[in-house]
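Open the model in a viewer and keep the sequence beside it. The stops below say what to select next and what is there.

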Amino acid sequence: MSDGPKICGGCNQNIPSRWVTGLDKFWHHDCFRCVSCNRVVAPTESFYEKNGKPECFNCKGAPQVHTCGICNQTINGQRLMYLANTYHYGCKRCTKCHQAFNAEQHANIKILANGDFVHTNC
């Protein structure tokens, strides 16, 4: 990327001040939109590339997109899975001590016959 004038990858107009970078281009924040649903993709959000434009996880479709069974938000990265359900580690809580799980504890999580998740030391 150059140090010269910044041209938006979405609207091809000059960017005079604040911008985001993605897909090896500069973008006005409001121009960095999902090519499928037209929603602004946040700078901290993961996305896919489709024809040189961003595509959000919600539009990419299954099987890559998983939704948390507790908060109903898209899960990006590691997740807990049980049968057909997926959860953010921080949303799922131990039914005995009520503490949230984290990915580092994965080896110490036990699923009981009734489907409850517990820490192995609880």
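## Stop one: F57

Select F57 and show what surrounds it: beyond its neighbours within four places in sequence, F57 is in contact with S46, F47, Y48, V65, T74 and N76. Keep in mind that this is a predicted model. F57 belongs to helix α1, which covers residues 57-60. Is F57 buried or exposed? Its relative accessibility is 15%, so F57 counts as buried. Now add H119, which is 62 residues from F57 along the chain. The C-alpha atoms of F57 and H119 are 31 Å apart.

## Stop two: the hairpin of β3 and β4

Select residues 47-50, strand β3, together with residues 53-56, strand β4. The two strands pair in the antiparallel sense, over 4 bridges. Within this pairing, E49 of the hairpin stands opposite P54 in β4. Between the strands of this hairpin there are 2 residues. Click on N51 there: N51 has a positive phi near 55°.

## Stop three: the salt bridges

How many salt bridges does a search of the whole structure find? The search finds 2. Side chains of opposite charge can pair when their charged atoms come close.

For one of them, stay at the hairpin and select K50 and E55, whose closest N and O atoms are 3.8 Å apart. K50 counts as partly exposed because its relative accessibility is 36%. E55 has a relative accessibility of 5% and therefore counts as buried.

Then select R39 and E45, which also form a salt bridge. Here the closest N and O atoms are 2.6 Å apart. R39 is partly exposed, with a relative accessible area of 30%, and E45 also counts as partly exposed, at 22% relative accessibility.

## Stop four: the nonpolar cores

Select C68, I75, L80, Y87, Y89, C94, F101, I109, F117 and V118 as one group. These 10 residues make up the largest nonpolar core. Another core, of 9 residues, lies apart from it, and its members include I15, V20, F26 and F32. In soluble globular proteins, nonpolar side chains tend to be buried together.

Next, select K6, in the segment before β1 (20-22). K6 touches Q13, N14, I15, W19 and F26, leaving out residues up to four places away in sequence. Two of these contacts, I15 and F26, are among the members of the 9-residue core. Is K6 buried or exposed? At 13% relative accessibility, K6 counts as buried.

## Stop five: the cysteines

Go back to the largest core and pick out C94, one of its members. With residues up to four places away in sequence set aside, C94 touches Q99, F101, F117, V118, H119 and C122. C94 counts as buried because its relative accessibility is 1%.

Which cysteine sulfur is closest to that of C94? It is the sulfur in C122, at 3.7 Å, which is too far for a bond. A disulfide needs the two sulfur atoms within 2.5 Å.

For the last selection, show C11 and C8. The closest cysteine sulfur to that of C11 is in C8, and the distance of 3.8 Å is too far for a bond. C11 is partly exposed, with a relative accessible area of 31%. How many disulfides does the count give? The count comes to 0.

Key:
Residues are numbered from 1 along each chain as its sequence is written. This is a predicted model: local features need pLDDT of at least 70, side-chain atom pairs count only at pLDDT 80 or more; totals for chains, interfaces and linings use all residues. Side-chain values use heavy atoms; hydrogens and water are left out. Buried means under 20% relative accessible area, exposed over 50%, partly exposed in between (1.4 Å probe, protein chains only). Contact means heavy atoms within 4.5 Å. A nonpolar core is a set of buried Ala, Val, Leu, Ile, Met, Phe, Trp, Tyr and Cys residues joined through side-chain atoms within 4.5 Å. A salt bridge is a side-chain nitrogen of Lys or Arg within 4 Å of a carboxyl oxygen of Asp or Glu. Two strands pair if DSSP finds at least two bridges between them.
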